[in-house]
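Please read the following account alongside the sequence and the three-dimensional structure. It takes up strand pairing and then a pocket.

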Amino acid sequence: MKKLFVLISYEGDGSYYPHFTFNEEWIERQHEAYDLDELEYDSLGCDGDGFHYEVLTVPDECTLQSLGVSDCAE
């Protein structure tokens, strides 16, 4: 099993969209950047309450392509 990270972005028009990555190092760097006030309020995964993401556990054979989504960390 592996971790799929799901982040939400606010599009500015009242809509929100999910974004996905398997890249845990990127998530850690983004979290550190938020802690250092280097990310804006509307940055991916950010809101007025902090940097947020959900973690789903998926089978090892899953890829972003097989799930039909793109990698937000690229």
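The paragraphs below go from the strands to the pocket.

This is a predicted model, in which local features need pLDDT of at least 70 and side-chain atom pairs count only at pLDDT 80 or more, while totals for chains, interfaces and linings use all residues. Residues are numbered from 1 along each chain as its sequence is written, and side-chain values use heavy atoms, with hydrogens and water left out.

Strand E1 (strands being DSSP runs of E with at least two residues, numbered from the N terminus) pairs with strand E2, residues 16-21, in the antiparallel sense over 6 bridges, where pairing requires that DSSP finds at least two bridges between two strands. Within this pairing, isoleucine 8 stands opposite proline 18 of E2. The hairpin of E1 and E2 has 5 residues between its strands, and glycine 12 takes a positive phi near 85° there. E1 is also joined by 5 bridges to strand E5, residues 54-58, again running antiparallel, and leucine 4 has leucine 56 as its bridge partner in E5.

The largest pocket (on a 1 Å grid over the protein atoms alone, an open set of points where a 1.4 Å probe fits, with protein on both sides within 12 Å along at least five of seven lines) holds about 220 Å³ of space, a volume being the space filled by probe spheres set on the points, which are joined across faces, edges and corners. Its lining, meaning residues with an atom within 4 Å of a point, comprises 14 residues, and Ile8, Tyr16, Gly45, Cys46 and Asp47 lie nearest the centre. Strand E1 (2-10) and strand E3 (46-47) are the elements that give two or more residues to this lining, with E1 giving the most, 5 residues.

Note on methods:
Helix = DSSP H or I, 4+ residues; strand = E, 2+ residues; numbered from the N terminus.
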